[in-house]
Amino acid sequence: MIKIKRNNIYTIVTLALLLVFLYWLNANRLQNGMLVSVLQKGVILALVAVSMNLLNGFTGLFSLGQAGFMSIGAYTTAILLIPVQNLDGVYYMNGVHPAIRAFKTMVASSPEFIQIIFPFIALLLGGLLAAFAAALVGIAVLRLKSDYLAIATLGLSEIVRAIFSSPQFDQITNGSYGLNKIPNFPPMLWGAIPSLITPFIVVAFCIVFIMLLIKSSYGRAFKAIREDEIAAEAMGINLFKHKEMSFVISSFFSAVAGGLLAMYMRSIEAKTFSITLTYDILLIVVIGGIGSVTGSVLSAFLVTAAKEWWLRFFDQPLTIGTFEVPLFRTGFRMVIFSILLMIVVLIYRRGLMGTNEFSWDRIINRFKKREKEAAHE
Amino acid sequence: MSDILLKTEHITMQFGGVVAVDDLNIEIQKDRITALIGPNGAGKTTAFNVITGGYQPSNGRVTFDGLVIVENYPRSKMKKIYNGTNKTPFEKQVVNTPDKITRLGMARTFQNIRLFKDLTVFENVLIAKHCHIKAGLFSSTFRLNREEELKMYQDTEALLERVGLLGSRNEKSSSLPYGKQRRLEIARALATGPKLLLLDEPAAGMNPKETEELSLFIKEIKDSFKLTVFLIEHHMNLVMDISDTIYVLDYGKTIAQGTPAEVQNDPAVIRAYLGVDEA
């Protein structure tokens, strides 16, 4: 019992420190612009990675449809949140659909508390829409196995993207012009949680939900399906029902992350949600460890930071003395990034965390081992 | 005839032109051990798969505990190529997925052990308890079913204790020695709370000593869990030792049935197993 308590204390202290750090970051956000944007993007990608991991790593369904569901969430959130006064500016080419304008005017004139929670309602609606789409599509595609499921979901994601950028939906999605003037993250709890911290809180809730789910009886059933479908079915687990659950939940959270991404980027277009985005997420999942939630989170931050920040240095021309180092040009950082990825994958063959989760016991044991080794010497 | 737990009527399973099981009629008495034996490729596992819902038979009916769980007749393409001995087709189509049949009270093991390899011994058994869960996804996620969950853990622990695997509860199931893996697979099947336990070659790959232990184990769980057992086996010693009734299959056809003593002396069985002296 004491052990459990000790670990809980560690966790609470760590979370408190993180929160303090975030508030500090909020106070000093102007000097730390890069850090803020990397952390925010990292946390959003962490949620997509975890939801992809729920499907690919825990249920064993190799799906590549994440970008499609993210775009559903992103577009829903964006359309619902663009302020009424900006509508004409955004939809300057084709005009906005009257129903959208009417709905937004109604929201804008609603009581204040509705307007305060409306961004969260928008995120939830985006998620529910994606979940509904996933439920329908799941009936057809979840009968497929491994590679075939991957191809079907990949195609699905492209279809969603094509629909969003099609001229027929110009008045809703603004076609290929994309949407902009999307408001930033809203503050929470009447400003007690500043807008900078909002994505962290939302994502934390979502990931905690997924972790609880994975540890529940249903999560165990998902794992059984991953391990051996035939045996799982023989143990009375309804394959279709459980696969559908996992698919729907994963899509829901992908869409919530998509909505957050729209708030983060302030402007979106259908191209943002191309296959490359899914591959980026898949990369994060694989690097972190297929079947490890904490691995996905860790890797989301590392990959985002490396790609967007730490390696920027390679993009600028570098001169040492009078010698100009060759290769240091725009785009070179991606070469270095790819090489680093290869090295990481070669060293950690099952990803940074494998299928393990972060635990204090593991860290403490490692330290104890080191101490012992030091004592022996 | 209420003491018959499982009954198959004219089960015929045809794959393309090959009749793998032909007109199989089995009656399994409650609280007995019934065995299905036969040379390699006789159609034993196919018969199992039909009974547990894995395959849909070309023709025939399976009744479990008074309920028709599987029924089919030759349809569409099969109608033209159907070549079973029994020519009177059934009229209805009843389809149940294997998970549904398991929840009705029929659990099975596999010829080539199918454990959840990356999971621990404890998790393997715990997962089998999931099939009777009452809580929904959300109440289970938010642990509103604390009592149910606790009971699942306790039952699993008790079950592992009874089958003598509690000591290796935290070991990865694939790291267990072969005999224990078999035992774990049986324990996992028991965790679903079956009335009928189907064992597909439980003694495959076992030495005589392990086989003997297994036959004791099967008798023991049969009594303590009030089970009816239906098994496929190659090991004659095991089958003759524990079975009450034996069915012998050869090339999909039932060539003999009866008590071990009767079957052992049946000329058709001897011919199937030892071959015929053509001269």
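In strand E8 of chain B, B:Val229 is the bridge partner of B:Ile33. This pair belongs to a predicted model. Strand E3 of chain B covers residues 33-37, and strand E8 of chain B covers residues 228-232. The two strands run in the parallel sense and are joined over 4 bridges.

Strands E3 and E8 are part of an open sheet of 6 strands in chain B. The strand order is E6-E7-E8-E3-E9-E10. Pairing within the sheet is mixed. Strand E6 (106-108) and strand E10 (253-258) of chain B each have a single partner strand, so they form the edges and one side of each lacks a neighbour in the sheet. On average, neighbouring strands of the sheet are turned by 15° against each other, with direction ignored.

Chain B as a whole contains 11 helices and 10 strands. Its C-alpha trace spans about 65 × 45 × 35 Å along the principal axes. The radius of gyration of chain B is 20 Å. This agrees with a compact globule, because 279 residues packed in that way would give a value near 19 Å. Of the 279 residues in chain B, 44% count as buried. Contacts in chain B often link distant parts of the sequence: of those between residues at least 6 apart, 68% join residues at least 24 apart.

The domain assignment divides chain B into two parts. Domain 1 comprises 1-96 + 195-279, and domain 2 comprises 106-193. Taken over C-alpha atoms, the centres of the two domains of chain B are separated by 27 Å. Contact between them involves 18 residues of domain 1 and 12 residues of domain 2. On the domain 1 side, helix H1 (44-51), strand E7 (196-200) and helix H8 (208-224) of chain B each supply at least two residues. Strand E7 of chain B gives the most to this side, with 5 residues. Strand E7 also has a place in the open sheet, between E6 and E8 in the strand order.

Chains A and B also touch each other. Their contact takes 22 residues from chain A and 28 residues from chain B. On the chain A side, the elements giving two or more residues are helix H9 (198-215), helix H10 (217-227), helix H11 (229-234) and helix H12 (239-265). Helix H10 of chain A provides the largest share of that side, 7 residues.

The largest nonpolar core has 159 residues. Those with the most contacts inside the core are A:Leu47, A:Ala49, A:Met70 and A:Ala78. Helix H2 of chain A (residues 33-58) contributes 13 residues, the largest share of this core. Leaving aside residues up to four places away in sequence, A:Leu47 touches A:Val203, A:Cys206, A:Ile207, A:Phe253, A:Val256 and A:Ala257.

A:Met211 lies in helix H9 of chain A. With 17 other C-beta atoms within 10 Å, A:Met211 is classed as partly exposed. This class applies because the count falls between the limits of 12 or fewer for exposed residues and 20 or more for buried ones. A:Thr294 is 83 residues away from A:Met211 along the chain. The C-alpha atoms of A:Met211 and A:Thr294 are nevertheless separated by 9.4 Å.

How values were computed. Residues numbered from 1 in each chain as written. Chains lettered and ligands numbered in written order. Predicted model: local features only at pLDDT ≥ 70, side-chain atom pairs only at ≥ 80, totals over all residues. Pairing = 2+ DSSP bridges. Axes fitted to C-alpha atoms, helices over the stretch in contact; angles between N-to-C directions. Rg over C-alpha atoms; globule rule 2.2 N^0.38 Å. Contact = placed C-beta atoms within 7 Å. Core = buried A, V, L, I, M, F, W, Y, C linked by C-beta atoms within 7 Å. Domains from an automatic or database assignment.
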